[in-house]
Each structure stands twice: as structure tokens, then as C-alpha cells.
Amino acid sequence: MQDFENCLGLQIKLTQNIMANEYNKYLKDFGISSEQGLLLKFVHESPGCTQTQLSHILHKDKTTITRMIDTLEKKSKLYRENSSEDRRIFKIYLTPKSAKKVEEISPLFEQREQELEAIIPPKDYETTIRVLNQIKEYYRGLNR
């Protein structure tokens, strides 16, 4: 049996916690968390996306995504519009001020990603991404 410190799930969670704490430092002045930042970044890259698309890409249930959108809407970070094709569907957009802020902070996150790429050899980086995707797909399959 593996000892606790060598548990892969634990190491992934601890790494995520450390990275989220680091990102939260940058986002504090903007008044959002790292999870909210990911949502805003996706909306910035895919304006007019739906709550279902956000749920899928962020691996969050629809209730959680709705709660995140509600919170960000109250903070005037984004807004919803009814879809012209289906009135039950909302399309999500950033406010102009949020779009500008996402553009301002994006280089900080790109820099962090470049730092990771600099300390992890390319082959190991590629393997890490592939293995993490395998783990995600395995757990996604369990929840179907």
C-alpha cells in the first residue's frame, strides 16, 4: 500500500491548492477567486457561451456554475442574455470593464505557465498533461 504522501490524488489536490493560492493573490484586487477567474477567462475567449458549456469545460455541475454566474453578475463582472434561438438558454458575456481587466491580468498567468514549462522538461510536461487528461476522463466516466 502506498504511503499517504505518495498518493497521486493527494499530490494533485495539494498542487492545485498551492497554485490556486498563488493565483488568488493576483485576483484579490479584482474581487474574484481563481475559480471565478477561470470562468471569466473562458467567457472572454468564448463570448456568448452557455452555462452548459461552462459546466462542461470547468468540470462543475450546472448548479455550481449558475451560482458562480449569479455572484459574478452581482459584482458586475458579466451579464446574461437570452438566446435568440431558445429562450431557455442564456448566453454569457463579460462587461467591458471585466474584459479589459481579463486582458490586463492574462499575461501574469501566461508568465506562470511559461515558468512551469521552463522547469519541467518538454517531454515530462507533455506526459504530465496526457496523464492528467487520462485521470480526468476516467473520473468523468465514473459520473455518467
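M19 is partly exposed, at a relative accessible area of 30% (buried means under 20%, exposed over 50% and partly exposed in between, with a 1.4 Å probe and protein chains only). This residue is found in helix α1, residues 8–27 (helices are DSSP runs of H or I with at least four residues, strands are runs of E with at least two, and both are numbered from the N terminus). M19 sits 100 residues from I119 in sequence, with 15 Å between the two C-alpha atoms in space.

The model is a predicted one, so local features need pLDDT of at least 70 and side-chain atom pairs count only at pLDDT 80 or more, while totals for chains, interfaces and linings use all residues. Residues are numbered from 1 along each chain as its sequence is written, and side-chain values use heavy atoms, with hydrogens and water left out.

Taken as a whole, the protein has 6 helices and 3 strands, and from the N terminus on the elements go α-α-β-α-α-β-β-α-α. The C-alpha trace spans about 55 × 35 × 25 Å along its principal axes. Of the 144 residues, 26% are buried. About 10400 Å² of the protein is exposed, and 55% of that comes from carbon and sulfur atoms (areas are from the Shrake-Rupley method with a 1.4 Å probe; for residues, only the protein chains shown count as cover). Among contacts with a separation of 6 or more, 48% are between residues 24 or more positions apart (a contact means heavy atoms within 4.5 Å).

Now to the sheet. The 3 strands form an open sheet in the order β1-β3-β2, with antiparallel pairing (two strands pair if DSSP finds at least two bridges between them). β1 (49–50) and β2 (78–82) stand at the edges with a single partner strand each, so each has one side without a neighbour in the sheet. β3, residues 90–94, pairs with β2 over 5 bridges, and 2 bridges join β3 to β1. I92 in β3 is the bridge partner of R80 and also of C49, while Y93 in β3 stands opposite Y79. Helix α2 (residues 34–45) lies across β1, β2 and β3, at about 100° to β3 (axes are lines fitted to C-alpha atoms, for helices over the stretch in contact, and angles run from 0 to 180 degrees between N-to-C directions).

Next comes the nonpolar interior. In soluble globular proteins, nonpolar side chains tend to be buried together. Here the largest nonpolar core has 19 residues, and L39, L40, L54 and L78 have the most contacts inside it (such a core is a set of buried Ala, Val, Leu, Ile, Met, Phe, Trp, Tyr and Cys residues joined through side-chain atoms within 4.5 Å). Two or more residues each come from α2, α3 (51–58), α4, β3 and α5 (96–119), with α4 giving the largest share, 4 residues. Neighbours within four places in sequence aside, L54 touches L39, F42, V43, C49, H59, I65, I69 and I92.

The charged side chains come next. The count of salt bridges is 11 (a side-chain nitrogen of Lys or Arg within 4 Å of a carboxyl oxygen of Asp or Glu). R80 forms one with D70, the closest N and O atoms being 2.2 Å apart. This pair links distant parts of the chain, with R80 in strand β2 and D70 in helix α4 (residues 62–74), 10 residues apart. R80 also forms a salt bridge with E73, where the closest N and O atoms are 2.9 Å apart. Both acidic partners are partly exposed, D70 at 29% relative accessible area and E73 at 30%. Another salt bridge joins R88 and D86 at 2.8 Å, N to O, and R88 is exposed, at 73% relative accessibility. Salt bridges with shared partners also tie E22, K25, R112 and E115 into one network.

Two loop residues round things off. Most residues other than glycine have a negative phi, and most peptide bonds are trans. H59, although not a glycine, has a positive phi of about 55°; H59 lies in the loop between α3 and α4 and is partly exposed, at 40% relative accessible area. S76 is another non-glycine residue with a positive phi, near 60°. S76 is in the loop between α4 and β2 and is partly exposed at 48%.
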